[in-house]
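These notebook entries record what I looked up, going from local pairing to contacts between chains.

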Amino acid sequence: MGDSPTQAGNITEELGRFLRRQILAGGVSFDENTPLRDLGVDSFALVELLLFIEKRFGAAVPESHLTRANLHSVAALARCVQSLTGGEAPAATQTDEP
Amino acid sequence: MTRPTQSLPLTGGDYFVLALDYQMRRADMRGNVCRLVVELDGTVDAERLRAAIRVSGTQPWLANVRFHRTLPFLKPRWRWCAGNGELPVADRAAPGGWRPGAPLPPIGTKQDPAVVGLRPGRSPVAFDLVNGPAGGGTTLVLTWHHGIMDARGAELLLQHINAAADGSPPSEDVLLGNGRLLSGAQVRAQSAWWPSLRAARQSLFLVDRVSRAPLASMRPEGDGPFEPRNLFRLVSFTREETDLIIRNGDRAGAGFRRSLFFLAASARALHAVRTRRGAEPAAFLVPVPQDLRRRGAPGPVFFNHVSFLFYRAEPEHLGSMKQLVATLTRQMTEQIRDRMPYSFDTAMRMFQRLPLGLYARILRGPSRGRFATFYFSDTGESFRDQQSFLGARITDIAHLAPVAFPPGIALIWSTFEGRLNVVLSWVQGCLADDEADFLEQTLRAELLGEAER
């Protein structure tokens, strides 16, 4: 991947890939704006997603950012992560494993 | 669908709930038999339900399943016997003065007549249609032995029966799973011997650490009297009350981890009961089941696909809702970071080689069952994508789960159409009548914001 992983599009892609591989059942279709709640993503799955973000992008999402709006969809969460990382390349070493 | 003839291994969760079943039956209770109560705004005909069950393809699997172990210390299996058994569907008239919801019927002793069980001559699943007075709707009661299905599976079963009536029966994979619908991490955790052993050991260290004495027990002073029956009370909240509860959870710092606010409110309400009794302050230990299915999956329907997170609350944390939510949040994150639910699932699989009696003894522990101060479960949003059952609109649901003694008390939370329900379940004698009233009042106050934050 040539682009920085912290560009919004790439973050969205990676979060989507993580959801598909680790959280959601095969055959569940969604896009970046689908509400996570409609996908059955519960608090347990959200914590897994936040821990993935911490490992992959080196950004722990602070409690103050865990608002309903930021956790609404993959796109909203990606924007939040981008704002935290400032669009700079992170010291990420993991792939899409939690 | 052809009649099943094969056998399948138990999940770790299956054997865990069978150990609790053993513990209940030893105490002269009926066993780990659960009920899902679905209130319907309309009438469902028993024959129509029987026909839907038949076309769903679930009947051969459920009517003929048996627990089987070839030799001691070999892993047990579910085995399907030859047979054309039918699942019992009973049409009943509601008794006089009866109204849906409350009071909830007790689950009686093992001497009481029962059709549900895993022993020959019993069915692991039964359906009762309780018809109210003319125009009063029907209450569907699904009764099942927890050994073959968890609460989520029970909801999925009803969804698939409903879909089958509309011409979309579930596939065998959806019913059984065969491991394909579980998460990749879980499948990997089960596949290698040494990592499995290491993971199991790690989870047992955690259980050992969180269960150090002194732990609070809800057992009243003295030795009883304890009756071998479960009592239930339904605590319902309106949509407006539920919205207020969610806002209060936000204020307490729970945010999207709504379940932790429910858990904290449960612990604080039970702590108040102990304080009222004059009991010494002690830490609370609560194992909380977690669904291991992939999110959005239509299955597996059968078997128990759960593991646990273990929460410990020290007496000083129980005094403040905010502090309690903060410590529970920290524990949740740490355990998920350490992959603890998957590790404990591996440990539960390893325990399958033990005879049930020995396993139940381990769960009771050396300190008279201090495996848990109480049981807590949040089944989340029920029937989110299904508004009706066989043409009748679903108006409410409640999960009734029995509890063993110890711990003797369970709180089961569920949400339907934005309304919160809590079922208090306890072994008769564990809570006096006035204590049950006090528990309900305190719980309401904790949730609705009348208590100190």
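**Entry 1: strand pairing in chain B**

I began with a single residue pair and found that Phe67(B) stands opposite Trp78(B), a residue of β4(B). I note here that the model is a predicted one. I then turned to the strands themselves: β3(B) is joined to β4 (residues 77-80) of chain B by 4 bridges, and the two strands run antiparallel.

I next looked up the sheet as a whole. It is an open sheet of 3 strands in the order β1-β4-β3 (chain B), with antiparallel pairing. I identified the edge strands as β1 (7-9) and β3 (65-68) of chain B, each of which pairs on one side only. For the turn between neighbouring strands of this sheet I recorded an average of 30°, direction ignored.

**Entry 2: a helix pair in chain B**

I looked up the packing of helix α1 (residues 12-26) of chain B against helix α13 (residues 356-364) of chain B, and noted an angle of about 90° with the axes 8 Å apart. Angles of 65 to 115 degrees count as roughly perpendicular, so α1(B) is roughly perpendicular to α13(B).

I listed the residues that make the contact. From α1(B) they are Leu18(B), Ala19(B), Tyr22(B) and Gln23(B), and from α13(B) they are Leu356(B), Gly357(B), Tyr359(B), Ala360(B), Leu363(B) and Arg364(B). By class, I recorded 7 nonpolar, 2 polar and 1 charged for the contact of α1(B) with α13(B).

**Entry 3: the two domains of chain B**

I consulted the domain assignment of chain B, which gives domain 1 (7-176) and domain 2 (184-383 + 403-448). Their contact takes 43 residues from domain 1 of chain B and 36 residues from domain 2 of chain B.

Which helix gives the most to the side of domain 1 of chain B that touches domain 2 of chain B? I found that α1(B) does, with 12 residues. I also noted that α1, α4 (151-165) and α5 (172-176) of chain B each supply at least two residues of that side. I recorded its residues as 28 nonpolar, 9 polar and 6 charged.

**Entry 4: chain B against chain A**

Finally, I looked up the contact between the chains, where 19 residues of chain B meet 19 residues of chain A. On the side of chain B that touches chain A, I found that α6 (184-191), α9 (258-277) and α11 (321-337) of chain B each supply at least two residues. I noted that α11(B) gives the most to this side, with 4 residues. I recorded the residues of this side of chain B as 6 nonpolar, 8 polar and 5 charged.

Technical notes. Residues numbered from 1 in each chain as written. Chains lettered and ligands numbered in written order. Predicted model: local features only at pLDDT ≥ 70, side-chain atom pairs only at ≥ 80, totals over all residues. Axes fitted to C-alpha atoms, helices over the stretch in contact; angles between N-to-C directions. Parallel < 35°, antiparallel > 145°, perpendicular 65-115°, else oblique. Contact = placed C-beta atoms within 7 Å. Nonpolar A, V, L, I, M, F, W, Y, C, P; charged D, E, K, R; others polar. Domains from an automatic or database assignment. Pairing = 2+ DSSP bridges.
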